[in-house]
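This report introduces a structure to a reader who has not met it before. Please look at the sequence and the model shown below before reading on.

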Amino acid sequence: MNHIYLDNNATTPVRPEVLSAMLPYFSEQFGNPSSVHWAGRQVSGALEKARAQVATLINASPAEIVFVSCGSEGDNMAILGTLDALSDKGKHIITTAVEHPAVLNTCEYLEKRGYSVTYLPVDADGMLDLVELEAAITPETVLLSVMWANNETGTLFPIAEIGAIAKKHQVRFHCDAVQAVGKVPVDVQAANVDLLVISGHKLGAPKGIGAIYIRRGTKLTPLLHGGHQERNRRAGTHNVPSIVGLGLACELAGQEMAEKSVQIKALRDHLEAGLFAAVPQIKLNGHPTERLPNTLNVSFAWIEGESLLMSLDMKGIAASSGSACTSGSLEPSHVLGAMCVEVTLAHSSTRFSLGANNTVEEIDYVIEILPPIVQRLRDMSPLYNCGKVDACESCDTLKRL
Amino acid sequence: MGARLFAPLYGFIMTQKKKRIVVAMSGGVDSSTTAALLKEQGHEVIGITMQIWDYSRFTAPDGQLFGSCCSLDDVYDARRVAEAIGIPFYVVNFEADFQSQVIDPFCNEYFAGRTPNPCVLCNQKLKFERLLQRAHELEADALATGHYARIVAGAAGYELRKGLDPAKDQSYFLFTLSQQQLGSVLFPLGAMTKEEVRAHAARFALPVAEKSESQDICFVPDGDYVRFLEEERGSGHKDGAILHVSGKEVGRHRGTYRYTIGQRRGLGIAWPHPLYVVRIDAERHEVIVGEEEFLQVSSLLLRNLCWTVPAPVAPLRANCRIRYRHHEAPALLTPNADGSLLVTFDQPQTGVTPGQAAVFYDDDRVLGGGWIQ
């Protein structure tokens with residue numbers, strides 16, 4: 001059976017060049033970069049090279065990059081570290097209703113401890129109202145946390161405009177850019193971001209490595225206490241092989257992004273057009289244009305996303321419903337909920353996220369194989385067959401598609 | 001060995017070509033062995049675990065382990081078993097349905113003075129309804145579970161029969177299965193004893209072969225259902241009188257939901273003879289106690305009946321089981337015009353508990369059942 005991987009927002013394979021670059025740092029150049037001797041010296045240079053590679057991709061200085069273990073750690077560090085460091089200023093956070101759980105659940109944790117959080121709503125395309133955002137800022141507001149690109153729908157927020165608002169009101173701006181870095185240009189200077197989080201495994205580096213950009217002069221309490229690594233910002237022995245991998249992945253992304261994003265977007269648009277032509281009663285979730293080039297989230301009315309994913313998997317096609325972090329506990333997506341997608345439609349949502357390895361043959365295969373699966377599942381769906389489509393509100397919503 | 005054990009009962013499987021079979025995997029010995037045996041017979045087996053409950057809601061006191069059938073750890077166990085025997089594995093999330101179809105009725109029943117049976121409901125509403133639907137969606141030919149019961153293709157349709165191991169027979173929990181469901185379901189362990197299943201599990205070197213039996217209700221892993229009910233619905237202002245059958249108040253209670261029919265311990269009453277809970281009146285907040293003879297009941301009324309045979313229109317003699325571990329007793333079943341059914345026992349029975357299921361048998365065959373009012 002052919003394996004077709006359309007879940008690159010969940011994770012990506014480590015690129016072969018990245019793996020090759022990492023391998024010497026397991027056994028041959030094994031030193032601890034904090035050591036003074038030759039073994040440490042062998043790797044400390046590689047560490048700093050990687051730091052520069054990451055910085056270049058997002059237009060930062062190497063000194064502003066701190067390596068962390070994953071995107072979730074970076075987000076926790078940004079939010080918790082800010083609120084602790086700025087505890088004299090206030091206890092109010094502004095974020096959006098569609099953030100990744102790494103941000104949302106951290107904010108909920110803080111709410112239970114006396115902080116107040118404003119969750120900005122989004123419109124039906126998943127877009128923010130910047131007037132509303134600016135109006136939410138109070139003298140108590142210490143942090144604005146807005147993601148660059150939504151992991152489920154791919155919707156891109158106008159980060160530069162949000163950064164300008166944050167700068168105008170002198171509110172610190174944290175951006176979870178885990179889904180954006182490597183897929184679209186990210187410039188922390190142009191966007192006026194103070195804290196920005198990157199995850200390695202979303203762009204061809206291994207799992208278990210990430211980075212946080214901390215604008216020079218930003219006071220941030222560490223999350224992990226211990227040794228003096230990373231200028232006292234993050235304790236723990238450096239994961240040298242993965243840091244080397246992240247560095248190279250960032251450099252390659254910078255070189256190839258312009259070309260590859262055009263190629264991936266063409267495939268994504270092909271998939272989108274093919275599915276909309278072949279399957280009636282489907283709905284695009286996410287912004288029609290302001291969207292990651294690789295992401296397509298659609299609801300197939302009348303069926304459950306869970307069933308479709310399993311049937312696609314039986315054919316070797318890997319897709320996702322919502323974020324992989326909640327798969328296995330398949331709650332209706334909070335992102336689609338915030339976009340006021342009707343609940344049975346939200347349950348039928350499926351995310352296809354493409355990568356550089358996908359081919360037009362693979363996409364053609366999906367366009368061929370998926371419509372009959374959807375029809376088969378609809379034929380078995382009690383809702384589809386209930387015959388009382390005028391009787392309930394959700395059926396009415398579905399009918400209008 | 002597997003083939004010898006299966007052949008007489010599962011001729012269906014053995015004579016047909018390779019089938020696609022979904023196995024409901026809990027992570028326990030029985031369902032794991034079911035999956036391994038079907039795989040060994042050459043079928044295309046897909047394992048599915050129903051995630052029905054958020055176990056992060058519980059923390060066992062002093063870190064004790066939960067010995068129940070479907071804990072979160074068991075999802076990991078099921079995944080490990082699926083990996084070990086080399087079958088695809090999925091987790092499906094039925095938490096919302098489990099809450100509305102099993103937990104909510106469970107709580108409602110207790111607070112209405114009855115003692116519910118959530119396992120039957122879970123089988124009826126989730127395992128053989130929603131999970132079976134999932135199996136059909138995957139174009140599976142059948143859904144197999146590790147229940148100790150048998151399905152026999154008879155002249156007049158499928159017959160649901162007891163498992164051959166009398167100590168393990170679970171047919172009581174399956175009386176709601178319709179002919180259509182029986183036609184899509186397999187119980188490969190129905191002709192085996194628990195020892196044989198454990199032997200198979202050891203032969204397959206399943207990572208769960210040594211696991212102990214689950215005892216409690218899966219969503220009350222520590223067995224403290226009173227605490228569970230109070231967490232779900234709140235506690236307090238539910239006090240009332242404990243009355244002797246003579247009408248005399250003999251004590252106070254802190255909520256009728258804390259009691260079940262036949263309960264003797266924990267009543268806190270000084271009385272010359274042992275007293276048992278014989279009736280619970282939730283509306284009046286009363287628990288009625290009496291001597292052992294007051295537990296004797298000669299007839300009972302059932303509603304919401306399910307039949308694996310055509311529903312009787314005339315009185316019918318059958319053996320009737322009134323709870324899982326009850327030895328069924330001969331009785332006359334008399335259908336009423338309103339769809340309910342009167343069971344009249346030849347000999348009075350003790351411990352008839354509203355909220356439990358009564359299941360009718362003809363020898364080892366399940367005829368149907370209903371809910372005790």
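The text that follows treats the domains of chain A, a helix pair in chain A, the contact between the chains, and chain B.

**Domains of chain A**

The structure is a predicted model. The domain assignment of chain A gives two entries: domain 1, made of residues 4-9 and 257-399, and domain 2, covering residues 16-253. The centres of these domains of chain A, taken over C-alpha atoms, are separated by 29 Å. Domain 1 of chain A contributes 23 residues to the contact, and domain 2 of chain A likewise contributes 23 residues. On the side of domain 1 of chain A that touches domain 2 of chain A, at least two residues each are supplied by H8, strand S10 (295-300) and helix H10 (334-338) of chain A.

**A helix pair in chain A**

How do helix H8 and helix H12 of chain A pack, and at what angle? Helix H8 (residues 240-278) of chain A and helix H12 (residues 360-380) of chain A meet at an angle of about 20°, and their axes lie 10 Å apart. Because angles under 35 degrees count as roughly parallel, H8(A) is roughly parallel to H12(A). The crossing in which H8(A) passes H12(A) is right-handed. From H8(A), the contact is made by A:Leu267, A:His270, A:Leu271, A:Gly274, A:Leu275 and A:Ala278. From H12(A), it is made by A:Val360, A:Ile363, A:Val366, A:Ile367, A:Leu370 and A:Pro371. The residue classes of this contact appear in the table further below.

**The contact between the chains**

Ten residues from chain A and nine residues from chain B form the contact. On the side of chain B that touches chain A, strand S3 (89-93) and helix H6 (118-137) of chain B each provide at least two residues. The largest share of that side comes from S3(B), with four residues.

The table gives the residue classes for the contacts described above.

| Set of residues | Nonpolar | Polar | Charged |
|---|---|---|---|
| Contact of H8(A) with H12(A) | ten residues | two residues | no residues |
| Side of chain B that touches chain A | four residues | three residues | two residues |
| Side of domain 1 of chain A that touches domain 2 of chain A | nine residues | eleven residues | three residues |

**Chain B as a whole**

Chain B contains nine helices and 17 strands. Of its 373 residues, 44% count as buried. Among the contacts in chain B with a separation of 6 or more, 65% are accounted for by residues 24 or more positions apart.

Terms used: Residues are numbered from 1 along each chain as its sequence is written. Chains are lettered from A and ligands numbered from 1 in the order in which they are written. This is a predicted model: local features need pLDDT of at least 70, side-chain atom pairs count only at pLDDT 80 or more; totals for chains, interfaces and linings use all residues. Axes are lines fitted to C-alpha atoms, for helices over the stretch in contact, and angles run from 0 to 180 degrees between N-to-C directions. Angles under 35 degrees count as roughly parallel, over 145 as roughly antiparallel, 65 to 115 as roughly perpendicular and the rest as oblique. A crossing is left-handed if the near helix is turned anticlockwise from the far one by less than a right angle, and right-handed if clockwise. Two residues are in contact if their C-beta atoms, placed from the backbone, lie within 7 Å. Ala, Val, Leu, Ile, Met, Phe, Trp, Tyr, Cys and Pro count as nonpolar, Asp, Glu, Lys and Arg as charged, and the others, Gly among them, as polar. Domain bounds come from an automatic or database domain assignment. A residue is buried if 20 or more other C-beta atoms lie within 10 Å of its own, exposed if 12 or fewer, and partly exposed in between; C-beta atoms are placed from the backbone.
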